[in-house]
Every structure is written in structure tokens, then in C-alpha cells.
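User: I am new to this structure and would like a close look at one part of it. Please begin with a loop position, then carry on to the spaces inside the protein and the residues around them.

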Amino acid sequence: MTERIVVLGGGTGGTVLANKLASKLDTGDAAVTLVDETGVHVYKPVWLYVAFGDAEPADGRRPLDDLLDRQVRLRTGRVTDIDTDAKRVTVDGTSALDYDHLVVATGARLVPDRIPGLVEGAHDFYSEDGAERLRDALATFDGGRVVLSVAGMPHMCPAAPVEFTLMVEDWLRDREVRAESDVVYTAPTERSHKLPPVADWADERFDAAGVESHTDFAVARVDPGERTLHATDGRTLDYDLLVTIPPHAGVDLVAEAGLGDDGWVETDPRTLEAARADDVYAIGDTTDIERPMAGSVAHYQAGVVADRIAARVRGHRPTATYDGKVLCFLEAGMDEATFVSFDYDSLPDLRAESALVHWAKGAYNESYWLTARGLI
């Protein structure tokens with residue numbers, strides 16, 4: 001009997017998983033279907049470089065047809081219902097897909113409208129359009145007060161706010177307008193970053209670069225006319241250019257399917273099995289696991305789930321588990337970078353920044369498409 005495996009979402013986690021399943025299972029044993037709303041795979045870390053004119057949006061896009069193993073069936077459409085009792089997924093309101101194993105990899109979504117004035121008064125590099133608008137704003141910026149504000153937690157790529165702040169400070173120096181500019185960073189956490197070792201690293205570099213840092217700064221609203229950022233505790237910051245990390249939210253479909261609260265799938269942190277339904281897994285940003293919303297997390301989790309599903313298809317007891325592994329690069333400016341790695345049993349460890357790591361990050365961005373294909 002052919003096992004039907006349905007993967008929802010064509011981001012890093014879903015794409016890697018589908019390809020790994022295709023490599024592990026014969027077509028007679030399993031039929032793998034990936035459902036994605038657009039049919040286009042987006043590598044979101046590219047947008048940070050788009051903002052500085054060092055990449056084009058097209059550098060971060062590929063048709064899923066070009067990335068998926070030929071054994072994987074791509075279904076383009078919007079998932080409108082998940083019935084975990086009937087083991088059925090509905091696409092575009094009418095078409096049904098039955099499954100034996102379901103993987104939810106639907107990610108997170110940006111909800112900037114939850115903060116008054118944020119849409120009208122702030123830039124971001126967490127969307128393609130946002131990165132392009134920010135690129136245009138930076139290109140004409142000739143000095144003033146640049147504020148990077150983390151306006152919501154949790155958010156994708158937790159290192160990106162620190163990266164952007166150090167990069168824009170370096171970039172202003174290169175353009176010889178740093179003396180006429182202030183660089184300001186705000187975070188809603190007690191430290192500049194949720195992870196203490198990363199906060200220690202960032203604080204030291206902020207101090208050395210003259211970056212003004214404000215912690216416990218929970219954004220309440222933005223006043224675009226006055227160019228003022230307001231915190232819930234009454235503090236205000238003026239800006240000439242405001243860049244924010246918008247609030248994120250889960251997917252409504254997850255809550256509607258009874259898989260978790262607030263759109264995040266309630267997930268076992270080791271097996272990655274959904275807690276509220278049988279034969280359902282969740283990976284990447286859509287889980288409620290206390291892990292960073294990072295592509296590396298989705299990548300590692302995809303390998304675990306592929307192993308577990310393959311074992312079940314073969315009639316074996318699954319033994320693969322996720323150890324919480326995370327690996328993230330952090331730009332320390334325009335020309336140097338470091339990286340951090342940790343898991344459930346170890347604290348984050350940052351290496352010394354260098355030009356070599358910066359170029360390694362760039363090389364990985366170029367070779368990412370091999371990762372999406374499940375080859376590395």
C-alpha cells in the first residue's frame with residue numbers, strides 16, 4: 001500500500017523535507033505531495049542584502065518546480081481546511097487531499113498593522129517590497145537619526161536586528177555621513193538580545209560603534225507625522241529613518257484545525273509530532289517550540305521528520321529526534337561576520353568575527369539552493 005504524505009508549505013522546512021522523503025522512499029512505498037500557495041520558494045535572508053543594494057530580490061527566488069525531486073508532486077493553491085479526524089486537507093475550498101502523514105510547515109506571517117502607525121511610518125527588510133523600499137530610502141539618506149526597533153517577539157531570524165544595526169552603522173561610515181548620524185537600537189527584552197551570550201557580544205560592539213541602545217522598549221505606536229516612536233511605558237524616540245522588525249503571527253488555519261493556540265502548532269520538541277492530532281508533524285516557524293525562527297532550525301527539523309516518517313512507512317519504530325540544534329551567522333558590519341551555534345544541552349557559542357566568516361556567509365547564501373534540494 002502506498003503511503004500518502006502531504007507537506008504544507010514550500011519554505012525551507014517543507015522543501016527540504018519533501019526532497020529528503022523522495023530520496024529515502026521508493027515511489028511504490030510513498031507518494032509525496034507538497035502544497036504551496038505561490039509555487040515559488042523564497043530565501044528570505046537575501047532581503048537584508050537587498051536593503052543595502054548588495055542583492056536583488058530575484059536572487060532569493062526560485063520556482064519550486066526547479067527545486068523539488070521529480071518524485072514530489074507540487075500542488076499550487078491555498079490550503080483552506082485541515083481535518084485531522086478525516087485525515088484530509090482541502091485546497092482552494094474545493095479540492096481534497098487525503099493523507100496518511102501530514103507535515104505542517106506553513107511558517108509565520110507579518111502583521112505590522114497590529115501597531116498603530118507602523119505601516120505608514122516604518123520601513124522593514126522582512127518582506128521583498130519592504131527591502132526594496134528601504135533600499136531606496138537608504139540610497140537618499142544623507143544623515144540623521146536612524147532607529148532600528150524590534151517591534152514584535154518572536155520574529156524570524158532573531159540575529160537580523162543586531163546585524164542590520166551594525167551593518168547600517170558601518171555603511172554610514174563608508175558613505176561618510178556617520179558623523180552627521182545617530183544609530184539607535186531598541187528591543188522589548190531586558191537585554192539587547194534574548195540570548196545572553198549574543199547580548200554580551202552585541203552590547204560590546206554597540207558601545208564601540210557608538211550605537212544608542214534602549215532595552216525593555218515595547219513599541220506601542222508610531223507617529224509618522226511627528227516622526228516619533230512611542231513605547232508602552234511612555235518613552236519616546238525621534239527618528240529620521242525608522243526600520244522595524246514587524247510583529248509576527250501564526251497561521252489562522254492552525255488554530256481553526258485545533259492544532260494549537262494563536263496559530264502555532266503545539267509540538268513535541270524532540271519528536272516534532274503535533275500534540276493534538278495523530279500522524280501530524282510540524283517544523284520551522286509554525287511550531288510553538290522555544291527555538292529561534294531560523295532557517296537552520298527548519299533544515300535540521302526536516303531531516304528528523306523525514307527519518308521518522310520513512311521509518312513509519314517501512315513499519316519500523318521511529319528513533320530520530322531533534323536535539324535543538326541551531327546555527328546562525330551574524331554580520332558584524334559590512335565586511336566581517338561571526339556565527340553562533342547551540343542546542344538543547346549547550347549554551348550559545350559565538351566565534352570571533354572575521355572577513356572569512358563574512359565571505360563564508362555569502363558563499364552559503366549562493367549555495368543555499370543545494371540545501372533546499374536536500375543535497376547538503
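Analyst: Helices here are DSSP runs of H or I with at least four residues, strands are runs of E with at least two, and both are numbered from the N terminus. The model is a predicted one.

With those terms, Q71 can be placed: the residue sits in the loop that joins helix 3 (64–67) to strand 5 (72–76). Is Q71 buried, exposed or partly exposed? Its relative accessibility is 36%, so Q71 counts as partly exposed, since that class covers values between 20% and 50%. Setting aside neighbours within four places in sequence, Q71 is in contact with A22, L25, D26, T27 and V32. One of these partners, L25, is 46 residues away along the chain, yet the C-alpha atoms of Q71 and L25 are separated by 9.6 Å. Another partner is A22, whose backbone oxygen lies 3.5 Å from a polar atom of the Q71 side chain.

Next come the spaces. Rolling a probe the size of a water molecule over the atoms shows where empty space is left. The count of cavities of 30 Å³ or more is one, and the largest cavity has a volume of about 80 Å³. Which residues line the largest cavity? The lining is made up of P158, A159, H193, L195, V198, P292, V326, C328, L330, V340 and F342. Two elements give two or more residues each to this lining: strand 20 (326–331) and strand 21 (337–343). Strand 20 gives the most, with three residues. By type, the lining of the largest cavity divides into 10 nonpolar residues, one polar and no charged.

C328, one of the residues lining the cavity, also leads to the question of disulfides. How many disulfides does the model contain? The count comes to zero. C157 is in no disulfide, and the cysteine sulfur nearest to that of C157 belongs to C328, 6.3 Å away. Seen from the other side, the closest cysteine sulfur to that of C328 is the one in C157, and 6.3 Å is too far for a bond, because a disulfide needs the two sulfur atoms within 2.5 Å. The two cysteines fall into separate accessibility classes: C328, at 15% relative accessibility, counts as buried, whereas C157, with a relative accessible area of 30%, is partly exposed.

P292, another residue of the cavity lining, is also among the residues that lie nearest the centre of the second largest pocket. That pocket has a volume of about 580 Å³ and is lined by 28 residues, of which P154, K194, E290, R291 and P292 lie nearest its centre. The elements giving two or more residues to the lining of the second largest pocket are helix 6 (160–174) and helix 9 (295–313). The lining residues of this pocket comprise 16 nonpolar, seven polar and five charged.

P154 deserves a further look. It belongs to the loop between strand 11 (144–150) and helix 6, and the peptide bond leading into it from M153 is cis, with omega near -5°. Most residues other than glycine have a negative phi, and most peptide bonds are trans.

Two residues have a positive phi without being glycine. E176 has phi near 60° and lies in the loop from helix 6 to strand 12 (181–186). L272 has phi near 65° and is found in the loop between helix 8 (252–256) and strand 19 (280–282). In accessibility they fall on opposite sides: E176 is exposed, with a relative accessible area of 68%, and L272 is buried, at 0%.

A last stop is H358, which is in helix 10 (residues 355–372). With a relative accessible area of 13%, H358 is buried, because the value is under 20%. Residues up to four places away in sequence aside, H358 touches E331, M334, D335, E336 and A337. One of these, M334, has its backbone oxygen 3.4 Å from a polar atom of the H358 side chain.

Terms used. Residues numbered from 1 in each chain as written. Predicted model: local features only at pLDDT ≥ 70, side-chain atom pairs only at ≥ 80, totals over all residues. Heavy atoms only, no water. Buried < 20%, exposed > 50% of the residue type's maximum accessible area, 1.4 Å probe, protein only. Polar contact = N/O pair within 3.5 Å; in protein donor to acceptor, adjacent residues only side chain to side chain. Contact = heavy atoms within 4.5 Å. 1 Å grid on protein atoms, 1.4 Å probe; cavity = no way out; pocket = protein on both sides within 12 Å on 5 of 7 lines; lining within 4 Å. Points joined across faces, edges and corners; volume = space filled by probe spheres on them. Nonpolar A, V, L, I, M, F, W, Y, C, P; charged D, E, K, R; others polar.
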